[in-house]
Amino acid sequence: MSPSQISDYALLPITIPPIPSYPHQTTHTLYLRPHAPKIPTPNDARSLFLVNLPIDSTTASLRSLFTSLVGAGKFEDCSFEHERVRKPLPAPANGSKKRKRADDDTEEEIELPRTWDRDLRRSGSSAVVLLVDEKSVELVLKTVRKLHKKGRGGWPVWESEGSTGSQRYRLHHTLSFPDPKILQANIDTFMSAFNDREESRKREERKGRQVPDEDGFVTVMRGGRTGPARAEEVERKRAEMEERERKKRGEMGDFYRFQMRERRKEVQGEMVRRFEEDRRRVEGMRRERGRFRPES
Amino acid sequence: MTQLPSKRRKLGHTPSAELTQEDESENVYDAQSAEESADEVAIPQSKQAALRPKHSQAIDDAALYAGGSYKSSLFKLQVDELLAEVQPNYEKRLTGVNEALRKLKTFIEEVEDCDPVSVTEATKSLLKSHKITIPFPDPKPDRNAAYKLMYSRPSNINVVGSYALKTMVKTEGSLSIDMVLVMPSAIFQEKDYLNYRYFYKRAYYLACLAAGLQEKVEDEFVLAFEYLHGNSLQPILVVKPKSDSKKSNKSYDIRIIPAVPSGTFAESKLRPDKNAIRPKDNHSEQSSLLPPTPFYNATLQSDCNIEPYLKLQHAAAKQSTGFKDACILGRVWLGQRGFSSRLSDGGFGQFEWAALTALLMKGGGPKGHSVLSPSYSSYQMFKALLQYLSINDLASKPVCFEIENMLTAKSNLPMAYDGSRGQNLLFKMTAWSYALLRDEARTSLEMLNDATFDQFESTFIIMSSQQLQRYDCSLNISSTPKQVETNSYDHATKERIFAMRMFDVLHEGLMDRVKLVNVQLPSTNSWSLKSSSTPPQEPLLISFVFDPANIDRLVDHGPSAEEKKKAAKFQKFWGEKAELRRFKDGSILESLVWSPGSAHAVFREIVTYLVTCHFGAEFSNSLEFVGEGFEKLLPGGTSSKNFEALKQAFSTLQNQIKDLEGLPLQLRQLSAISPQLRYSSIETPIFTFTQPMIRPADILIQFEGSGRWPDDIVAIQRTKIAFLLKIGALLQEVDGTVVIRVGLENEDHQLQNSAFLDIICGSGAVFRLRIHNDREQTLLERHIKDKSSNHREREDAVSALSMYKKTFLQLPLLNQSISTHCTRFPLLSSTMRLVKMWFNRHMLSRHVSEELIELIVARTFLHPYPWRAPSSTMTGFLRTLSFISRWDWRQKPLVVDFTGTMTTKDVDSVNTRLEAWRKIDPSMNRTVLIAASNHDITGTAFTDSGPSKMVAARMTALARSACKLVKEKGRDLDHRALFASSTADYNFIVHISPKFTGTQPGKNSKPKFKNLEVQGGADIEMIGLQPVEQYLQELEKLYTDSIVFFHGGVGSNVIAGLWNPQKAAPRQFKVNLAYATKPSKHEDGEADEVVIDKAAILAEIARLGGDMVSRIEVQH
């Protein structure tokens, strides 16, 4: 009998049907348990934590998996490990005021158009599945236990969704070249949002230089009276200063006798060091046999 | 006494300074003066130390503090190691030799004298009594000769040569010890030097000795005849100890060489300009009118001079402490270049080296001054001799020692005439071997003067004489004509005469097309006492080094029609091929016109014609050319026409963009970063008006700096997209035929470049344009330094920065350098392509970046030592492979200096970096290869993303086995064998359906993917589509830690995979294992360990591959 549990995870083997290029029926093992993150969230009680997902897992394929396991209507949503939270493109600047404030809070980024029809999951990755209620969680675990007891067979069959093979890559190729108008609109939105954000940050900074904090200190910010300087300008200025400093030192380099003496000593020390290094290297080479034997 | 050395040094210094002036090189002077001062310091205290080489470190230390500049300390240390390594342990390796020699001596002394007998009698009696055939040279002696042959006890027996001088060098085979038997002068007469008489007597003497020894030594030794140095005038007796135990490392042989006391024959009669072989029908007394027989004369003299030369060398060794080691260095150097005293190996070996060195310590310079100073160190002496050899042309200006200048006939043979011993030291050399020796000397000297890089390996370790690595083309001639006419009276075998004729014809006919012509005479072997010597069976081998600038010239200009004499000579040489032509500049010249073709084709046509013309048609059919096969492997041939066309298209585009009005910022420059734009892509770019290129060529655009770029990396990436859209629109406005598309990339990496612009020109050329903005670097660096960001973000920034540096900083520089050098070295392009193909065929191309391969190949051309830059694809390819096989990447970086501006300090700093990497990452999990150039001191620009240690080791192993094959097969090598790869080592193979492997486009102008119904404009949609490549990229991302994938690039129909062995063992279950697992089987129902689920992963790979994968094969 195959094991039904590993540490506190229940095992859920799923059947992978054979395909012509790999004509073997295989089993892919999912590990699942009630979701219990370190930082609790309100939905934990009705969530399941899944480990070792197939690479082609999608919300749809998980939905159908759970449907075949516990019937339709229990699956609500799922979120995958490392998944970037994608939000639909915000509507073009209409009710701008409201949105702007929202931006300031969440620093939401506007995504470029997508180029893949679906994302793949890294091998062995995990996901959190949100079911409709706590009972469903119980039901899933119970069903899995039951299946284990029944012995072999009866495991849900994996249904891969989405395009594969050449179709997938051709589609990606087409999606990689979005309509220029859409692209332009996307960038315009991004840039105006970005500019707004920059603007407000600058305002904050300007405000910051006048308002003392609770301890009564005024934070010194970069830039002069006219406004905060750009980071690059600060960097350039510093490089300039360093350059000037170095020049100053360089001009007076061999003025005193002790300077020359020191330099000579330095050169000599350098040579000793190099010689020692060479000797060490040759020593190392000698350890490999045949290094000094002419090839034949 | 104490004053003497310093005086001598002063004397010696002058010629050394002269030498360096001639060379016009500062380096030599520095190195020499440094070494000299080293010696100065060392002499007083090192009497004892010199006896024990291990203690030489004391000298070095002293030199270090006293001498100041000590550029070559690494080189010197390595030379010391070499000297210690090559010298056999005389006591251990040659135990029993002295005893054997003593025994032999006693035996020889016991051999009974023979009374004088006639030639016929001698032959008969020896055959009858001992079954020994007398090794008479050709022509055999006259049966009715009046003189008598005899044997009497040798007047002296002596051990000479490197054993006596203790300058032996370990070799693969057995060590030879030379034992000289001085024949009593009583058995010779004054006139015996004439007409081979001496050599007949000598042969009989040797045969008698063999007969006498045969029975006595039967139990311990085996006897055989051999020609000394392959010279058929000088048979010798080789005594080999019977190996009682199978210890091959103790093998040695004793060569018994008959000699005569010096002065037996008059030196004046045996000078190089004298004749000693009189024609039979000519009895006139005027021998001075007969053509001279220098080879014969010198051979005779060399028999007289064995002992005098031993004395000379002894004296030299006593006089100079560096002499012996200089001889050993010379011997190693010659050996690695295939030279030895044997006639078949050029006739310049350790003896000639040592004797010449000894003579040059006495004279040879202007006004009889010495060229070498006895106070030179061994290395200085070695180098000075190389310099002497390379500067002086001893063929046109013979050198004479201790004798007034002699008048000699003009000849293409070199001469170093030793007056006091009356012998031309270089008599065994031929015109070609001398040219080769000088070329090698020149190359080595240049190499030793290169102070930036360590040249120790190239000088002494690498075997540079391997046929296929050394020569661009080899010509096998399997049959020699029965009779070769000659107007020389001198002694020479038929093969030698034929070789000389052949050389003269080819040398004259090929003109400046070739840099070197070398003829390899078949070597002779030893033969048993009972048989007669057998003529060699090997074919004659003629090798060529091309001059790439001239080799494929189609029209040769001869003398003008007005120069009647020259024109007649030209016509006679070229036969009916010579024709009179009128050229554009109005001149009327004799000329030759060859049919157009590749370098090899033109070359073959000329050689075949020359041989037919001068040796007959039936003979030219037996010619067999080796060397062309390699470049035939390249798709689209070696022509750079397609590359040029693309470059042309690029510069057109460049002008168009420059002239664009309304660009948002001032344009700074456009740069190319595609292998297709630097002559190095395996497939040449093919495009026409109707059929655009399949793979876009990457280019970059950079604008003048502006403060208006946003101060945020993501925002910069987006702004770049807006710019691209703008550029595209502007381009389309000015040129209606251009099609443009903005594409997205790196969707998972926000910090990296996120878009490009595909420009499909009307001509069919396709470019992929990206914007270079130097702000990115500062912003990324700030990201990395930013302590507040989390680890993952920083990693992202690090990889983005590395991508940025590679794409926007390093690639343009590399592209520039490579394409410049492709015009400088015409063979660089095809070599890079062929080496890339080799990596592809062995499925390493995903791991070893194209740029890294280009650097490796560039090294073969820019740091070609011990050879010159390759002049054929074959030599370029094989030398590159041999470098890879030798490259100890654990300890040594690859450094390529494109501009010749790197200093020792730069190279050192690369070394230091490598050492630092090894210290922080000794198991080499991150950085394995360090490949630096003058553009990139870090050496990781193109090796950051691979190869891993495993792949690098595989690369080395594959190169090694390839080199082994090349060495074993020699000129019989089937070049295809080097490209055949096996998939047996991989765990599983994913077979790609043939529809998707992508055949070479353009040939039949069919689209790349036949399944995609492409019509008209739809072609453009498919540009840049590489489904298999995309599939692989995804697989690599999905299974980063668990599988290593191998693929042979475009056109390959398999993807191979190896499971990471570290992930094979069952392990404790945890959440983030990064690969698919299943519970490992346990007896009881519960399990706590999991193991990699290979079946599930393979099923995933198959699912993802869909229609592209035809089959997955699990091997083990």
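Visitor: In what sense do strand β14 and strand β16 of chain B pair, and over how many bridges?
Guide: This is a predicted model. In it, β14 of chain B spans residues 555–560, and β16 of chain B spans residues 588–593. One facing pair is B:Asp556 with B:Leu592. The two strands pair in the antiparallel sense, over 4 bridges.

Visitor: Which residue of β16(B) is the bridge partner of B:Arg582?
Guide: Strand β15 of chain B covers residues 579–582. It runs antiparallel to β16(B), with 4 bridges joining them. The partner of B:Arg582 in β16(B) is B:Ile588.

Visitor: Which residue in the turn between β15(B) and β16(B) has a positive phi?
Guide: β15(B) and β16(B) form a hairpin. There are 5 residues between the strands. With a phi of about 90°, the residue in question is B:Gly586.

Visitor: What is the strand order of the open sheet of 3 strands in chain B, and which are its edge strands?
Guide: The pairing in this sheet is mixed. Its order is β8-β9-β10. Each edge strand pairs on one side only; they are β8 (399–401) and β10 (423–424).

Visitor: Which residue of β10(B) stands opposite B:Asp418?
Guide: Strand β9 of chain B holds residues 416–418. It pairs with β10(B) in the antiparallel sense, over 2 bridges. Opposite B:Asp418 stands B:Gln423.

Visitor: Where is the cis peptide bond that involves B:Pro866?
Guide: B:Pro866 sits in a loop of chain B, between α29 (850–862) and α30 (873–886). The omega of the bond is about 10°. The bond joins B:Pro866 to B:Tyr865.

Visitor: Is B:Tyr679 buried or exposed?
Guide: B:Tyr679 is not a glycine, yet its phi is positive, about 60°. Its loop in chain B links β18 (667–672) and β19 (697–703). Its relative accessibility is 5%, and the cut-off for burial is under 20%. So B:Tyr679 counts as buried.

Visitor: Why does B:Ala1074 count as buried?
Guide: B:Ala1074 lies in the loop between β28 (1067–1068) and β29 (1077–1079) of chain B. Its phi is positive, about 70°, although it is not a glycine. Burial needs a relative accessible area under 20%. B:Ala1074 is buried because its value is 13%.

Visitor: Which residues form the negative surface patch with B:Asp786, and how exposed is B:Asp786?
Guide: B:Asp786 is in the loop between α26 (775–785) and α27 (791–824) of chain B. The other members of the patch are B:Glu793, B:Glu795 and B:Asp796. B:Asp786 has 34% relative accessibility, so it counts as partly exposed.

Visitor: Which residues form the positive surface patch with A:Lys150, and is A:Lys150 buried or exposed?
Guide: A:Lys150 belongs to helix α3 of chain A, residues 134–150. With it in the patch are A:Lys142, A:Arg145, A:Lys146 and A:Lys149. At 67% relative accessibility, A:Lys150 counts as exposed.

Visitor: How many helices and strands does chain A have, and what share of its residues is buried?
Guide: From the N terminus, the elements run β-β-β-β-α-β-α-β-α-α-α-α-α. That comes to 7 helices and 6 strands. Chain A has 296 residues, and the buried share is 38%.

Key: Residues are numbered from 1 along each chain as its sequence is written. Chains are lettered from A and ligands numbered from 1 in the order in which they are written. This is a predicted model: local features need pLDDT of at least 70, side-chain atom pairs count only at pLDDT 80 or more; totals for chains, interfaces and linings use all residues. Side-chain values use heavy atoms; hydrogens and water are left out. Two strands pair if DSSP finds at least two bridges between them. Patches are made of residues with over 30% relative accessible area and no salt bridge: like charges are joined within 9 Å, nonpolar side chains (Val, Leu, Ile, Met, Phe, Trp, Tyr) within 5 Å. Accessible areas come from the Shrake-Rupley method with a 1.4 Å probe; for residues, only the protein chains shown count as cover. A salt bridge is a side-chain nitrogen of Lys or Arg within 4 Å of a carboxyl oxygen of Asp or Glu. Lys and Arg count as positive and Asp and Glu as negative; His and the chain ends are not counted. The place of a charge is taken as NZ of Lys, CZ of Arg, CG of Asp or CD of Glu. Buried means under 20% relative accessible area, exposed over 50%, partly exposed in between (1.4 Å probe, protein chains only).
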